[in-house]
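Trainee: Got a minute? I'd like to go through this model with you.
Mentor: Sure, put it up and we'll talk it over.

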Amino acid sequence: MLAEDKVEEFFAEVERCRDWIEAAIENGGDTHNFKDIVDGIISGTMQFWPSANAAAITEIVKYPNKRVLHIFLAGGKMEEIVNMNEDAIKFAKLNKCDAITIAGRRGWVKVLKEKGYCEMLTTLAKELN
């Protein structure tokens with residue numbers, strides 16, 4: 001939950017990052033809208049990772065056999081997103097996560113290989129009208 005004294009600051013920061021978040025939503029298949037993300041952050045089910053020129057959104061997913069920090073939205077400067085890795089690892093460990101997963105475009109495979117990430121699955125989608 002968001003502390004009362006941080007609400008105004010939060011809304012200013014999330015609004016500053018809005019274009020990156022919305023671009024990531026669009027690239028990710030429009031599974032959420034901006035309000036869904038803001039509501040998720042406020043409720044504590046999602047985490048907001050802003051930097052000067054980028055932002056990422058994570059969620060902790062609890063599977064029967066694993067607890068995973070899932071990075072499902074990221075936009076802005078790639079270098080700044082990659083630089084969030086160590087903090088994400090610390091956060092995941094503090095929250096007793098067993099792994100970190102990332103949903104994103106195929107280009108992230110090459111970018112994050114040196115950080116120890118490997119391609120695990122491929123997701124295919126078909127829009128139903």
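Trainee: What sign does phi take at Gly 29, just after H2?
Mentor: Positive, at about 95°. Keep in mind that this is a predicted model.

Trainee: And what about phi at Asp 30?
Mentor: Phi of Asp 30 is near 55°, so that's a positive value in a residue other than glycine. Most residues other than glycine have a negative phi.

Trainee: Where does Asp 30 lie?
Mentor: In the loop between H2 and H3.

Trainee: Is Asp 30 buried or exposed?
Mentor: Exposed: its relative accessible area is 54%, and the cut-off for that label is over 50%.

Trainee: Which residue in the loop between H5 and E4 should I look at?
Mentor: Try Lys 96, found between helix H5 (85-94) and strand E4 (99-102). Its phi is near 60°, again positive without being a glycine. Lys 96 counts as exposed, at 65% relative accessibility.

Trainee: Back to H2, then. Which residues of that helix are buried?
Mentor: H2 covers residues 18-27, and Ile 21, Ala 24 and Ile 25 are buried there. Looking down the axis of H2, those buried residues fall within an arc of 105°, so they line one face of the helix.

Trainee: Why would that spacing put residues on one face?
Mentor: An α-helix has 3.6 residues a turn, so residues three or four places apart point the same way.

Trainee: What's on the face of H2 turned away from the buried side?
Mentor: The exposed residues Asp 19 and Glu 26 are carried there.

Trainee: And what do the buried residues of H2 pack against?
Mentor: Two helices and three strands are on that list: H1 (7-16) and H3 (34-43), plus E1 (46-51), E2 (54-62) and E3 (67-76).

Trainee: OK, H3 next. Which of its residues are buried?
Mentor: Phe 34, Ile 37, Val 38, Gly 40 and Ile 41. They cover an arc of only 160° around the axis, which puts them on the same side of H3.

Trainee: What covers the buried residues of H3?
Mentor: The cover includes H1, H2, E1, E2 and E3.

Trainee: Let me zoom out. How many helices and strands does the protein have?
Mentor: There are 6 helices and 4 strands. In sequence order the pattern is α-α-α-β-β-β-α-α-β-α.

Trainee: How does the radius of gyration of the protein fit a compact globule?
Mentor: It agrees: a compact globule with 129 residues would be near 14 Å, and the protein has 15 Å. The C-alpha trace spans about 40 × 40 × 30 Å along its principal axes.

Trainee: What share of the 129 residues is buried?
Mentor: Buried residues make up 32%. As for the accessible surface, the protein has about 9,100 Å², and 53% of that belongs to carbon and sulfur atoms.

Trainee: What about contacts between residues at least 24 apart?
Mentor: They account for 55% of the contacts between residues at least 6 apart in sequence.

Trainee: And how many positive and negative side chains are there?
Mentor: 17 positive and 21 negative, with the centres of the two sets 9 Å apart.

Trainee: Last one: where does Glu 4 lie?
Mentor: In the segment before H1. Glu 4 is exposed, with a relative accessible area of 78%. From Glu 4 to Lys 62 the C-alpha to C-alpha distance is 28 Å, with their positions 58 residues apart in sequence.

Note on methods: Residues numbered from 1 in each chain as written. Predicted model: local features only at pLDDT ≥ 70, side-chain atom pairs only at ≥ 80, totals over all residues. Heavy atoms only, no water. Rg over C-alpha atoms; globule rule 2.2 N^0.38 Å. Buried < 20%, exposed > 50% of the residue type's maximum accessible area, 1.4 Å probe, protein only. Contact = heavy atoms within 4.5 Å. Areas by Shrake-Rupley, 256 points an atom, 1.4 Å probe, with all protein chains shown as cover. Lys, Arg positive; Asp, Glu negative; His and termini not counted. Charge placed at Lys NZ, Arg CZ, Asp CG, Glu CD. Arc of directions from axis to C-beta.
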